Amino acid sequence: MKGPEQSSTTSAPEARLATRRIDAARYLFQPHHVRDSLALATQPSLRNSSLAGLQAAIAVAIALPLVYLSPWPQLIGFAALGALVALFGRFAPAGRRNRIVFFCAIWQSIAVFGMSMTSWLGMPVPIQLVLLALSCGLFFFVTVTGQFGAPGALIFVFAVGASMGPVGSFQEVLARTAATAGVAALAWAICALTEVLRHRETAERPFPSEPLQPFRHRLIAAARICLGCAIAAFSSHAAGIHHPDWAAMGTLAVMQGAHLHISMNRALQRMMGTVVGALLAWLILSQDPSVWIIIAILVVLQFATEIIIGANYGLGQVLVTPMALLMTYLAAPHMAGADMVPERILNTVLGACMGIVFAVLFSTLDDRRHLARHHAGRGRAGKGP
């Protein structure tokens, strides 16, 4: 989302556009947004997306069996978190990707250490939820400022949420952090060794990139995300739903959209994809799979997700959801796997709905003008010659 309201000179046609928040809501609830959410996009570089998925999958395939066979098998879920840093920087210019993955490894380790420390210190749930919301805004700011690219702040917030479980000692805090950092270092090494396989950006094939917004705009957008995610997390907790971090993640995923129509598409895709993906996770967990089968499934899902998520975020969520639930199950095997499925669906729907509401409420005049122009353009295209 953009920064504060901007006073800019507008043309006469633009001055006639309806740009109130109620108008934005009306534009967003048009049938064509459902069709747009189901459409397949052309991927900038299928090779780079596939390579990122393969790099993360290799890190998972190497690290998880080693951790499971080690004296610390309870750290397997945190090892899986470390492998996710390989997903960043796939479209970065030559020479920059290794640095991006390196910094992502540091931030992922900080995410695990910070929330694990909070849990070990016995902070009450409301304080943990406030810190969770603050981390949503912080990692949004970090990822857009560092231009880390997809998958953005969600990976770090996922690590924060996974670290909210009970911690018995400071040694456990260090062990969680070490497991995450060690596998993240492995993922960085794999990325560095296979960097030559990435496509390079050319004038004929430019890679997607978001222009860096002014510092003040990024800061305001991060503050809005903090507020929206806090309301989502506290609402989930007040409703008695476990894993309020999933509700915060749903809100974050929607609110970090560059434009309002993208936020709406992301909300619809996340809800639809999560429902299907959660049912897939239920089918897997209902078979009471062994750790080895779960590891094998994670390797496949990690690779397959990156092949399709660039074409359609909703299809990607069909695979991301069981992957997230399986990682959560590995980190907390005492939980009933089947119970996580309805909670994931409820939290995602709650978070996504709140995300689009807050995206409209916190929108700037420029945001709404862009949406109005987009809506008007769709209307003209629909009329035809």
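Is tryptophan 120 buried, exposed or partly exposed, and what is its relative accessible area? In this predicted model, tryptophan 120 comes out partly exposed, because its relative accessible area is 32% and the partly exposed class lies between 20% and 50%. The close-ups below start with this residue.

**View 1. Tryptophan 120 pairs up with phenylalanine 170.** The two ring centres are 5.4 Å apart and the planes meet at 45°, so this pair counts as tilted. Anything over 60 degrees would be edge-to-face and anything under 30 would be stacked, which is why 45° lands in the tilted class. In sequence terms the partners are distant: tryptophan 120 belongs to helix α6 (residues 97-120) and phenylalanine 170 to helix α9 (residues 170-193), with the two positions 50 residues apart. Phenylalanine 170 is partly exposed too, at a relative accessible area of 30%.

**View 2. Phenylalanine 141 and phenylalanine 215 meet edge-to-face.** Here the centre-to-centre distance is 5.6 Å, and the planes sit at 90°. This is another link between distant parts of the chain, with phenylalanine 141 in helix α7 (residues 125-146), phenylalanine 215 in helix α10 (residues 215-238) and a separation of 74 residues. Phenylalanine 141 has a relative accessible area of 18%, so it falls under the 20% limit and counts as buried.

**View 3. Five aromatic residues gather in one cluster.** The members are Phe88, Trp107, Phe139, Phe148 and Phe156. For the whole model, the count of aromatic pairs comes to 10.

**View 4. Two arginines sit over aromatic rings.** Arginine 266 lies over the face of tyrosine 313, 4.0 Å from the ring centre. Over at tryptophan 246, the ring has the charged end of arginine 344 above it, at 5.1 Å from the centre.

**View 5. A cavity shows up inside the model.** How many cavities of 30 Å³ or more does the structure hold? Just 1, and the volume of the largest cavity is about 30 Å³. Its lining is made up of Gly77, Leu81, Phe158, Ala162, Met327, Thr328 and Ala331. Helices α5 (76-83), α8 (154-162) and α14 (313-331) each give two or more residues to that lining, and α14 gives the most, with 3. Sorted by class, the lining has 5 nonpolar residues, 2 polar ones and no charged ones.

Definitions and conventions:
Residues numbered from 1 in each chain as written. Predicted model: local features only at pLDDT ≥ 70, side-chain atom pairs only at ≥ 80, totals over all residues. Heavy atoms only, no water. 1 Å grid on protein atoms, 1.4 Å probe; cavity = no way out; pocket = protein on both sides within 12 Å on 5 of 7 lines; lining within 4 Å. Points joined across faces, edges and corners; volume = space filled by probe spheres on them. Helix = DSSP H or I, 4+ residues; strand = E, 2+ residues; numbered from the N terminus. Nonpolar A, V, L, I, M, F, W, Y, C, P; charged D, E, K, R; others polar. Phe/Tyr/Trp six-rings, centres within 6.5 Å; stacked < 30°, edge-to-face > 60°. Buried < 20%, exposed > 50% of the residue type's maximum accessible area, 1.4 Å probe, protein only. Lys NZ or Arg CZ within 6 Å of the ring centre and 35° of its normal.
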